[in-house]
Amino acid sequence: MEQQTLFGGEETQPLAARLRPRTLDEFVGQSHLLGEGKVLRRIIESDRISSMIFWGPPGVGKTTLARIIASRTRSDFVDFSAVTSGIREIRAVMQQAEKSRLLGVRTIVFVDEIHRFNKAQQDAFLPFVEKGSIVLIGATTENPSFELNGALLSRCKVFVLRALETRDLTALLTRALRDERGFGRLRVAIEPEMLEAIAVFSNGDARMALTTLEMVVLNGDTQGESVRVTRETMEQCIARKSLLYDKNGEEHYNLISALHKSMRNSDPDAAVYWLARMLEGGEDPLYVARRVIRFASEDVGLADPRALEIAVSAYQACHFLGMPECTVHLTQAVVYLSVAPKSNALYAAYEAAKSDAATRMAEPVPLVIRNAPTKLMKELGCGEGYEYAHDAEEKLTRMRCLPDSLLGRVYYKPTEQGQEAKFKARLEQIKAWRAGK
């Protein structure tokens with residue numbers, strides 16, 4: 001005996017599956033690609049499909065677009081999953097596609113999560129894409145520049161799908177309450193503000209929005225054909241947001257870049273937000289702490305010498321305590337570095353010296369500053385004329401330490417920021433004394 005539900009025996013699929021758009025007119029969002037006259041819409045409507053990659057976050061319509069193409073095309077359509085398909089399955093489909101091509105029939109192959117295919121699997125597609133046996137459509141949440149081999153990527157047009165805006169998701173949720181495939185057969189009482197709250201919670205993901213709405217309605221107060229959703233029920237269903245964060249993917253680098261640049265721009269509020277995004281998404285706090293230590297010298301340096309001490313202390317605190325206790329220590333370091341005076345003089349000094357070291361002839365160390373631990377080295381002049389700075393009244397000498405070809409080169413150029421102004425004044429005094437002024 002089939003168990004009955006609020007929706008009847010035949011409607012047991014999740015709400016997101018039942019409401020999957022069937023046409024471009026039902027599709028929500030991506031107006032930059034699918035608006036009237038836009039290139040992707042024209043390609044789909046005219047059935048002039050070429051190999052392409054849909055790149056975007058979860059729940060924005062990548063698979064749905066592929067299914068709309070499948071319903072409109074006059075080609076054979078093969079739906080692949082990169083999770084379950086291996087090279088044997090790929091080759092079998094490619095051989096069938098080649099036979100169809102010889103008969104004048106085009107084959108479109110859709111590969112969901114194409115970034116999960118390894119290089120060998122991707123290479124198996126390449127010759128068939130090149131000679132036109134198949135049209136490849138891939139969907140990925142990862143940057144295809146990193147995840148697809150260059151030869152395959154160069155033969156595909158990449159379309160970037162964006163996270164849905166709150167107004168798009170609110171419209172989608174409203175339609176779900178009215179559509180017969182959704183909750184149209186019920187009288188659902190839910191405040192518009194609640195729908196907007198669900199949309200905000202869903203973070204641009206239509207699937208998450210519909211799944212959350214379904215949970216909210218199914219847990220509402222039911223009376224016959226009516227359901228009333230209370231604010232308490234909604235708050236329980238959206239108590240915690242699942243953050244989009246792949247510690248090994250592009251978002252990892254995007255967020256650490258956002259943290260670094262927010263601190264550099266002396267914006268502690270933004271810096272703390274990006275810090276929280278990473279830590280709450282599951283990032284290793286020691287990784288963040290290592291990047292903060294780097295920042296302390298690269299972007300603050302001698303403008304505030306304490307910055308490095310505080311960054312290292314935060315790393316040690318993270319090591320001792322771990323999550324979630326160490327969040328406050330990282331916040332302390334991030335805020336301190338954000339408001340500290342900034343100088344990249346140390347970074348610039350090393351980069352300039354590195355360039356000379358890499359591109360100029362490897363100069364020998366001047367004899368005057370070489371050690372002479374053996375008799376032979378002394379006879380060769382090593383250490384001859386060396387002046388011990390501590391023996392001088394000024395604790396300075398005019399001894400040259402750079403190779404002859406680099407005399408006069410200046411790598412460290414202190415700024416006037418914070419404590420570095422004192423280092424600059426001291427360095428100017430040293431240079432003036434050596435010049436005999």
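**A note on the 6-8-7 sheet and the helix 10/helix 11 pair**

1. A good place to start is the link between strand 6 and strand 8 (residues 226–228): the two run parallel and are joined by three bridges. Do keep in mind, while looking, that this is a predicted model. Within that pairing, A189 is found opposite R228 of strand 8.

2. Zooming out, these strands belong to an open sheet of three strands, ordered 6-8-7, and its pairing is mixed. Strand 6 (187–189) and strand 7 (221–223) form the edges, each pairing on one side only. On average, neighbouring strands in this sheet are turned by 15 degrees against each other, if direction is ignored.

3. Now to the helices. Helix 10 covers residues 192–201 and helix 11 covers residues 206–218; their axes lie 9 Å apart, and the two pack at an angle of about 135 degrees. Angles over 145 degrees would count as roughly antiparallel and those from 65 to 115 as roughly perpendicular, so helix 10 and helix 11 are oblique to each other. The crossing of helix 10 with helix 11 is right-handed.

4. Which residues of helix 10 meet helix 11? You will find L195, I198 and F201 on the helix 10 side, and M208, A209, T212, L213 and V216 on the helix 11 side. Sorted by class, this contact between helix 10 and helix 11 holds seven nonpolar residues and one polar residue, with no charged ones.

Technical notes:
Residues numbered from 1 in each chain as written. Predicted model: local features only at pLDDT ≥ 70, side-chain atom pairs only at ≥ 80, totals over all residues. Heavy atoms only, no water. Pairing = 2+ DSSP bridges. Helix = DSSP H or I, 4+ residues; strand = E, 2+ residues; numbered from the N terminus. Axes fitted to C-alpha atoms, helices over the stretch in contact; angles between N-to-C directions. Parallel < 35°, antiparallel > 145°, perpendicular 65-115°, else oblique. Left-handed = near helix turned anticlockwise from the far one by under 90°. Contact = heavy atoms within 4.5 Å. Nonpolar A, V, L, I, M, F, W, Y, C, P; charged D, E, K, R; others polar.
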